[in-house]
Amino acid sequence: MFASIIRTAVRSHLINGGPQTCSQVVAAMGLDPKRHKGTIHAIMCDLESDGVLWAELHHKTLKRTKWHIAPGMIRKRDRLAAAFSQV
């Protein structure tokens, strides 16, 4: 259940804030990036393998820099959750 809540929160933050780094998403969720970045990053990688997210790659290191939500993968419930998270 924790993973589904985090997945919804990640989608909401990317819908509201646009492309962000993993640290920015973690900080926007009110968590400490040093402690929770690994857990959130793993969930974001799962979302990437599901085709929900995609990441820009740094041209030299091939590390993920900014995460984006795939436009065709935004569901109605994601838009609702994003709207309620802004209020």
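**A buried aspartate and the parts around it**

D78 is buried, its relative accessible area being 2%, and this residue is a useful place from which to begin reading the model, which is a predicted one. D78 is placed in helix 4, the helix that runs over residues 76-86. When its neighbours within four places in sequence are left aside, the residues in contact with D78 are R11, S12, I15 and M73. Of these, R11 and S12 appear among the buried residues of helix 1.

One of these contacts involves charged groups. The side chains of R11 and D78 come together in a salt bridge, with an N to O distance of 3.3 Å. The pair links distant parts of the chain, since R11 belongs to helix 1 and D78 to helix 4, and the two residues are 67 residues apart. R11 has a relative accessible area of 8%, which is under the 20% limit, and therefore R11 counts as buried. D78 has a second salt-bridge partner in R75, the closest N and O atoms of R75 and D78 being 3.4 Å apart. R75, in contrast to the buried D78, is partly exposed, with a relative accessible area of 35%. Taken together, R11, R75 and D78 are linked in a network of salt bridges. Side chains of opposite charge can pair when their charged atoms come close.

The count of salt bridges in the model comes to four, and another of them also starts from helix 1. Here the side chains of D50 and R7 meet, at 3.3 Å from N to O. Because D50 lies in the loop between helix 3 (33-49) and strand 1 while R7 is in helix 1 (residues 2-17), this pair ties together parts that are 43 residues apart in sequence. Both members of the pair are classed as partly exposed, D50 at 47% relative accessibility and R7 at 21%.

Helix 1 thus provides R7 for one salt bridge and R11 for another, and its geometry deserves a closer look. The helix has 16 residues and reaches 22 Å from its first C-alpha to its last, a span close to the 22 Å expected at 1.5 Å a residue. Its buried residues are I6, V10, R11, S12 and L14. Just after helix 1 comes G18, a residue that takes a positive phi of about 75°.

Which parts of helix 1 and helix 3 meet, and at what angle do the two helices pack? Their axes are 10 Å apart and the packing angle is about 80°, and the two helices are therefore described as roughly perpendicular to each other. On the side of helix 1 the contact is made by F2, A3, I6, R7, V10 and R11, and on the side of helix 3 by T39, I40, I43, M44, D46 and L47. Among the helix 1 residues in this contact, I6, V10 and R11 are also buried. R7 and R11 therefore take part in the helix contact as well as in the salt bridges with D50 and D78, respectively.

Beyond the loop that holds D50, the chain enters a pair of strands. Strand 1 (residues 53-57) and strand 2 (residues 64-69) pair in the antiparallel sense, over four bridges. Within this pairing L53 stands opposite I69, while L57 has R64 of strand 2 as its bridge partner. In a regular strand the side chains alternate between the two faces of the sheet.

The hairpin formed by these strands has six residues between them, and L62 takes a positive phi there. L62 is located in the loop between strand 1 and strand 2, and its phi, near 60°, is a positive value in a residue other than glycine. With a relative accessible area of 60%, L62 is exposed.

A final comparison returns to helix 4, where L80 lies. L80 is exposed, with a relative accessible area of 52%, whereas D78, in that helix too, is buried at 2% relative accessibility. L80 and T61 are separated by 19 residues in sequence, and their C-alpha atoms are 36 Å apart in space.

Methods. Residues numbered from 1 in each chain as written. Predicted model: local features only at pLDDT ≥ 70, side-chain atom pairs only at ≥ 80, totals over all residues. Heavy atoms only, no water. Pairing = 2+ DSSP bridges. Buried < 20%, exposed > 50% of the residue type's maximum accessible area, 1.4 Å probe, protein only. Expected span 1.5 Å × (residues − 1). Axes fitted to C-alpha atoms, helices over the stretch in contact; angles between N-to-C directions. Parallel < 35°, antiparallel > 145°, perpendicular 65-115°, else oblique. Contact = heavy atoms within 4.5 Å.
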